[in-house]
Amino acid sequence: MKKQYEEKLEHIISRMQADTSVDAPSDTLKYVKDLFRTRASASVPTMLERIAAVLKIDLEPNRAAFGERSAAGGAARQMLFDSGDNAVDLRITSSDNVFHIRGQILGGGFDGAEVTISEQTETIDETGGFRFGSLSSGEHTLVVRGSVSEIVIEKLILS
């Protein structure tokens with residue numbers, strides 16, 4: 001058995017030594033090897049995802065609310081909107097029929113994003129906060145635009 005194995009091995013070695021064939025070009029070999037290499041698909045930016053925010057809490061000044069712990073009425077109307085992985089907290093104050101909004105984006109993904117309402121645009125600060133002043137009464141749309149998604153609060157009524 002050992003002799004058969006040695007004879008077979010010597011036969012293979014002699015065939016290899018007598019081989020005069022030419023190797024395939026290196027670029028062809030590289031191309032063929034790349035065909036079988038697994039690749040991680042590169043993330044391709046998609047269309048901007050638009051998320052409609054849903055009102056969860058609306059606390060108006062001087063109005064009792066079930067579960068509200070504060071005994072004193074605040075001067076600001078507080079609204080909390082839910083938008084999936086994020087939330088938008090708004091504090092609305094008014095003076096002489098002019099409205100001011102302080103807001104904050106809760107959750108990640110909107111660092112340095114822009115917030116627009118009534119043709120006014122502000123950039124979100126490092127804490128997720130933003131401010132608007134001198135808004136008129138009426139119905140407004142607030143849009144928080146990030147790099148891959150935007151949060152939209154439609155029919156925000158200031159009165």
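# A guided tour, starting at L156

Select L156 and show what surrounds it. Leaving out residues up to four places away in sequence, L156 touches M79, F81, L90, I92, I101, I117, G138, E139 and H140. Keep in mind as you look around that this is a predicted model.

**Stop 1: the core around L156**

Stay with L156 and add L90, I101 and F130 to your selection. The largest nonpolar core has 23 residues, and these four touch the most other members of it. Which elements give two or more residues to this core? They are strand 3 (77-83), strand 4, strand 5 (98-106), strand 6, strand 8 (129-135), strand 9 and strand 10. Strand 10 gives the most, with four residues. A general tendency fits this view: in soluble globular proteins, nonpolar side chains tend to be buried together.

**Stop 2: the whole chain**

Now zoom out and colour by secondary structure. The protein chain has two helices and ten strands. Reading along the sequence, you meet them in the pattern α-α-β-β-β-β-β-β-β-β-β-β. The chain has 159 residues, and 25% of them count as buried. Among contacts with a separation of 6 or more, 45% are between residues 24 or more positions apart.

Try colouring by confidence next. The mean pLDDT of the chain is 85, and 86% of the residues reach 70 or more. Where is confidence lowest, and where is it highest? Helix 2 (residues 26-36) is lowest, at a mean of 85, while strand 6 is highest, at 95. As a general caution, where pLDDT is low, the predicted coordinates should not be read in detail.

**Stop 3: strand 10 and its partners**

Select residues 149-158, which make up strand 10. This strand is mostly covered, with seven of its ten residues buried. Next, add residues 138-145 for strand 9, which pairs with strand 10 in the antiparallel sense over seven bridges. Three residues lie between these two strands, and together the strands form a hairpin. To find one of the bridges, pick E139: its partner in strand 10 is I157.

Then bring in strand 1 (49-52). Is its pairing with strand 10 parallel or antiparallel? Strand 1 and strand 10 run parallel, joined by four bridges. Here you can pick I51, which stands opposite I151 in strand 10.

**Stop 4: the open sheet**

With those strands shown, add strands 6 and 7 as well. You now have an open sheet of five strands in the order 1-10-9-6-7, with mixed pairing. At its edges are strand 1 and strand 7 (120-123), each of which pairs on one side only. Neighbouring strands in this sheet are turned by 20 degrees against each other on average, direction ignored.

Move to the strand 7 edge. Strand 6 (residues 114-117) runs antiparallel to strand 7, and four bridges join them. Across this pair, I117 stands opposite Q120. I117 is also one of the residues touched by L156, where the tour began.

Between strand 6 and strand 7 there is a loop, and E119 is found in it. E119 is not a glycine, yet its phi is positive, near 65 degrees. Because its relative accessibility is 82%, E119 counts as exposed.

**Stop 5: two polar residues in strand 4**

Select residues 86-95, strand 4, and look for N86 within it. Is N86 buried or exposed? N86 counts as buried, because its relative accessibility is 7%. A polar atom of its side chain lies 2.9 Å from the backbone oxygen of G108. Beyond residues up to four places away in sequence, N86 touches F81, I105, L106, G107, G108, F110 and I151.

D89 is in strand 4 too, and at 12% relative accessibility D89 counts as buried. Its side chain makes a polar contact with the side chain of R91, at 3.3 Å. Setting aside neighbours within four places in sequence, D89 is in contact with Q78, M79, L80, R102, G103, Q104 and L106.

**Last stop: the loop after strand 4**

Finish at N97, which lies in the loop between strand 4 and strand 5. N97 has a positive phi of about 60 degrees although it is not a glycine. With a relative accessible area of 54%, N97 is exposed.

Technical notes:
Residues are numbered from 1 along each chain as its sequence is written. This is a predicted model: local features need pLDDT of at least 70, side-chain atom pairs count only at pLDDT 80 or more; totals for chains, interfaces and linings use all residues. Side-chain values use heavy atoms; hydrogens and water are left out. Two strands pair if DSSP finds at least two bridges between them. Axes are lines fitted to C-alpha atoms, for helices over the stretch in contact, and angles run from 0 to 180 degrees between N-to-C directions. Buried means under 20% relative accessible area, exposed over 50%, partly exposed in between (1.4 Å probe, protein chains only). A polar contact is a pair of N or O atoms within 3.5 Å; within protein, one must be able to donate a hydrogen and the other to accept it, and residues adjacent in sequence count only if both atoms are side-chain atoms. Contact means heavy atoms within 4.5 Å. A nonpolar core is a set of buried Ala, Val, Leu, Ile, Met, Phe, Trp, Tyr and Cys residues joined through side-chain atoms within 4.5 Å. pLDDT is the predictor's confidence in each residue, from 0 to 100.
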